[in-house]
Number of protein chains: 2
Amino acid sequence: MALIVQKFGGTSVGTVERIEQVADKVKKFREAGDDLVVVLSAMSGETNRLIELAKQISDQPVPRELDVIVSTGEQVTIALLAMALIKRGVPAVSYTGNQVRILTDSAHNKARILQIDDQKIRADLKAGRVVVVAGFQGVDEHGSITTLGRGGSDTTGVALAAALKADECQIYTDVDGVYTTDPRVVSQAQRLDKITFEEMLEMASLGSKVLQIRAVEFAGKYNVPLRVLHSFQEGPGTLITIDEEESMEQPIISGIAFNRDEAKLTIRGVPDTPGVAFGILGPISAANIEVDMIVQNVSHDNTTDFTFTVHRNDYDKAQKVLGETALKLNAREVIGDTKIAKVSIVGVGMRSHAGVASRMFEALAKESINIQMISTSEIKVSVVIEEKYLELAVRALHTAFELDAPSRQGE
Amino acid sequence: MALIVQKFGGTSVGTVERIEQVADKVKKFREAGDDLVVVLSAMSGETNRLIELAKQISDQPVPRELDVIVSTGEQVTIALLAMALIKRGVPAVSYTGNQVRILTDSAHNKARILQIDDQKIRADLKAGRVVVVAGFQGVDEHGSITTLGRGGSDTTGVALAAALKADECQIYTDVDGVYTTDPRVVSQAQRLDKITFEEMLEMASLGSKVLQIRAVEFAGKYNVPLRVLHSFQEGPGTLITIDEEESMEQPIISGIAFNRDEAKLTIRGVPDTPGVAFGILGPISAANIEVDMIVQNVSHDNTTDFTFTVHRNDYDKAQKVLGETALKLNAREVIGDTKIAKVSIVGVGMRSHAGVASRMFEALAKESINIQMISTSEIKVSVVIEEKYLELAVRALHTAFELDAPSRQGE
């Protein structure tokens with residue numbers, strides 16, 4: 001008999017009909033003998049509705065009070081599911097974050113979980129009840145309601161699984177697993193049976209928005225086996241787990257991630273002196289602009305070129321800030337490009353395989369795709385290319401790294 | 001500096017604009033130097049919306065889980081008002097019933113308040129904050145959310161005022177006070193400056209639906225001065241308080257209540273033996289039908305007639321039950337009438353004034369209104385008459401007992 005934490009997101013509980021379907025699913029697991037803790041988000045759209053309501057009172061709602069309002073979203077869904085389970089003859093009980101109790105810090109709207117009291121839940125499980133817990137919320141030491149920030153329900157699920165030492169934390173969503181790349185771009189994309197936490201982190205941060213990054217980090221830290229599954233379709237999903245001993249069969253790379261939300265900025269001809277990187281990125285950071293890739297190459301003539309990428313929405317702001325910096329540093333010029341895309345190959349396998357990067361560059365070269373920037377980590381190689389080549393690049397890499405689904409190859 | 005508990009109902013917080021108006025009002029009181037605890041209902045319609053949602057899952061929603069859902073209604077309004085106050089520079093904090101903590105029994109959907117912890121509220125008041133509390137809800141000893149049942153926000157207000165020994169509990173509503181009778185029926189009806197708890201109970205239970213009966217009982221028991229005021233109009237309202245020494249000026253009766261929701265049933269010619277009343281009303285009660293007036297007159301020929309009133313909605317059911325009883329008791333017949341109305345005069349003054357009832361009967365006789373049933377209590381005389389005479393009777397009594405507004409007499 002396994003102890004499983006199951007998390008269902010907003011679209012999975014978006015209507016009463018969907019909640020009934022979730023209840024059917026939970027009942028089936030219960031009947032198979034598993035102990036179940038179910039974590040729910042608010043009905044899709046509800047959190048936004050509540051935030052809008054608060055914004056009618058104030059553009060900058062008081063964070064403590066905003067949490068009081070938005071936390072009602074999950075409070076409704078947990079009780080509805082508990083009712084639906086009881087209607088099916090499955091004993092169930094709902095708990096808010098406060099009732100569990102999920103203790104967080106007092107950083108309202110983006111609180112972090114400090115501790116989870118597992119006593120009530122264990123007692124209920126022992127009594128044969130399914131425990132339905134509100135995701136995304138907790139309570140601070142003063143008894144004030146807190147929320148974990150967007151996507152926090154995944155984190156609640158993982159944290160509960162860690163606290164309860166659950167056998168698995170299942171995240172039900174609208175995709176049936178993690179794919180080698182986006183199936184809309186590469187029809188031969190394959191669902192992965194397994195992926196490591198590290199790979200998942202790289203995939204997630206690169207735009208495969210299946211799981212909240214924080215939840216994956218949390219799962220990795222506490223070694224909670226995490227499984228991504230489709231809410232209403234059968235299937236094994238994708239298991240996200242620790243990096244087991246690398247077997248012969250392990251592919252060199254697990255997937256190809258991409259992102260077309262970025263823009264590139266270059267400041268040319270800056271004096272190559274200590275502190276120049278901070279001189280350039282300090283003002284960008286002070287303007288609250290997040291920087292992704294940063295590349296600085298070796299200098300020539302004692303000056304260097306410095307390139308970084310930002311979210312496209314921040315491009316204009318970043319360009320203005322950089323222009324001021326250029327004047328101050330007596331730089332030659334500032335150039336930028338919004339028509340770029342980032343493509344990354346991700347895989348723990350590349351740690352022990354030489355030549356992975358060159359194989360990537362070769363595949364791109366074969367398609368005459370020019371590489372504008374390169375950045376690498378231990379389990380990832382990212383390149384920036386012209387946006388129009390994105391699909392071509394992803395498909396070429398998917399084939400080059402032998403990720404294409406064999407059964408669908410001939411389609 | 002007074003400590004005042006103010007309660008605003010669903011229509012007073014029905015929209016964001018209304019909540020802003022309530023915030024303006026609270027701010028004004030705060031600036032006048034009062035310490036304030038504000039109790040709120042859910043936005044009007046919201047509780048019904050939430051119940052409907054639950055009923056989509058189950059016709060008979062699990063009471064514990066239903067409370068989890070419906071309690072979110074007030075949770076939203078308290079945070080919105082706290083935000084609106086803070087926006088106005090008035091320090092404020094919101095608390096759910098659980099956060100206060102308002103301890104209740106575990107009778108979900110109709111819980112009773114057992115105890116209120118006043119520590120947090122006192123600390124906040126001392127720190128200069130307005131405390132905004134969710135009405136209608138509490139928490140039981142197991143930490144489960146409970147609700148007090150419909151209209152329970154009035155009860156929360158009174159209970160908080162009692163626990164805090166507040167100087168006054170103000171109930172803001174959509175009328176500007178308690179009237180001598182319904183102004184829609186008698187244009188000379190006057191707002192009462194004062195009324196006793198006992199009178200208010202009789203008025204309320206007879207259909208002057210200004211305050212929840214439970215709240216009035218509670219206020220009377222703990223001697224909390226209760227004031228009914230209009231949410232958005234200025235005015236002193238009506239103070240509901242203990243029966244002070246009767247002064248010369250005290251009117252004999254305070255008001256005239258009426259009710260056209262009842263129907264009358266008579267079982268004729270039942271044997272006048274011990275236990276016959278139970279034999280008749282036992283089955284009615286077993287069928288979950290509430291009985292209001294009961295009249296049994298002296299017998300003749302060892303049989304008697306037994307008459308009682310029920311809510312019109314229960315008339316058909318009651319008639320069927322009574323028909324079966326009649327067969328069993330060998331009664332002569334069962335007759336009934338749904339076209340009746342009950343009119344009552346209410347006033348603590350009648351305790352010390354003889355002839356109040358006869359003055360009532362005289363006034364009705366003058367208008368040729370036949371009295372079908374009579375029932376009296378220490379501070380009330382009720383009669384049942386034909387429904388079509390209702391308005392005439394109320395106006396005649398209003399004049400006979402000198403309740404007409406002098407200033408409006410000539411209108």
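Glu46(B) and Arg49(B) sit together in helix α2 of chain B, which covers residues 46-57. They are three residues apart, about one turn of the helix. In an α-helix there are 3.6 residues a turn, so residues three or four places apart point the same way. In this predicted model, the two side chains meet in a salt bridge, with N to O at 2.9 Å. Is Glu46(B) buried or exposed? With a relative accessible area of 17%, Glu46(B) is buried, because the cut-off for that label is under 20%. Arg49(B), at 35%, is partly exposed.

Over in chain A, salt bridges with shared partners tie Glu20(A), Asp24(A), Lys87(A) and Arg88(A) into one network.

**More salt bridges**

Searching the whole structure turns up 46 salt bridges over all chains. As a general point, side chains of opposite charge can pair when their charged atoms come close. Here are some of the pairs:

| Acidic residue | Basic residue | N to O distance |
|---|---|---|
| Glu46(B) | Arg49(B) | 2.9 Å |
| Glu387(A) | Arg312(A) | 3.3 Å |
| Asp35(B) | Arg30(B) | 3.8 Å |

Take the pair Glu387(A) and Arg312(A), whose closest N and O atoms are 3.3 Å apart. This pair links distant parts of the chain, 75 residues apart. Glu387(A) is in the loop between β20 and α13 (390-400) of chain A, while Arg312(A) is in the loop between β16 (303-311) and α11 (315-329) of chain A. Glu387(A) is buried, with a relative accessible area of 19%; Arg312(A) comes out at 26% and counts as partly exposed. As for Asp35(B), which pairs with Arg30(B), its relative accessibility is 15%, so it counts as buried.

**A hairpin and an annotated stretch**

Strand β20 of chain A (residues 380-386) runs antiparallel to strand β19 (residues 371-377) of chain A, and six bridges join them. The two strands form a hairpin with two residues between them. Which residue of β20(A) is the bridge partner of Ser377(A)? That is Lys380(A).

Arg312(A) also falls in a stretch that has a label: the unreviewed UniProt entry annotates residues 265-348 of chain A as "domain: ACT". Over those residues the chain is 31% helix and 40% strand. The end C-alpha atoms of the stretch are 30 Å apart.

**Helix α4 and Gln137(A)**

Helix α4 of chain A has 16 residues, 72-87. How far should α4(A) span? At 1.5 Å a residue, the expected figure is 22 Å, and the end C-alpha atoms are 23 Å apart, which agrees. The helix is mostly covered, with 14 of its 16 residues buried. Just after α4(A), Gly89(A) takes a positive phi of about 80 degrees.

Glu74(A) brings us to Gln137(A), since their side chains make a polar contact at 3.0 Å. Gln137(A) lies in strand β7 of chain A, residues 137-139, and is buried with a relative accessible area of 3%. The side chain of Gln137(A) also has a polar atom 3.1 Å from the backbone nitrogen of Gly97(A). What else does Gln137(A) touch? Leaving out residues up to four places away in sequence, the residues it touches include Ser71(A), Thr96(A), Ile102(A), Thr146(A), Thr147(A), Leu148(A) and Thr156(A).

Methods: Residues numbered from 1 in each chain as written. Chains lettered and ligands numbered in written order. Predicted model: local features only at pLDDT ≥ 70, side-chain atom pairs only at ≥ 80, totals over all residues. Heavy atoms only, no water. Helix = DSSP H or I, 4+ residues; strand = E, 2+ residues; numbered from the N terminus. Expected span 1.5 Å × (residues − 1). Buried < 20%, exposed > 50% of the residue type's maximum accessible area, 1.4 Å probe, protein only. Pairing = 2+ DSSP bridges. UniProt positions renumbered as here; feature names shortened; annotations may be inferred. Salt bridge = Lys/Arg side-chain N within 4 Å of Asp/Glu carboxyl O. Polar contact = N/O pair within 3.5 Å; in protein donor to acceptor, adjacent residues only side chain to side chain. Contact = heavy atoms within 4.5 Å.
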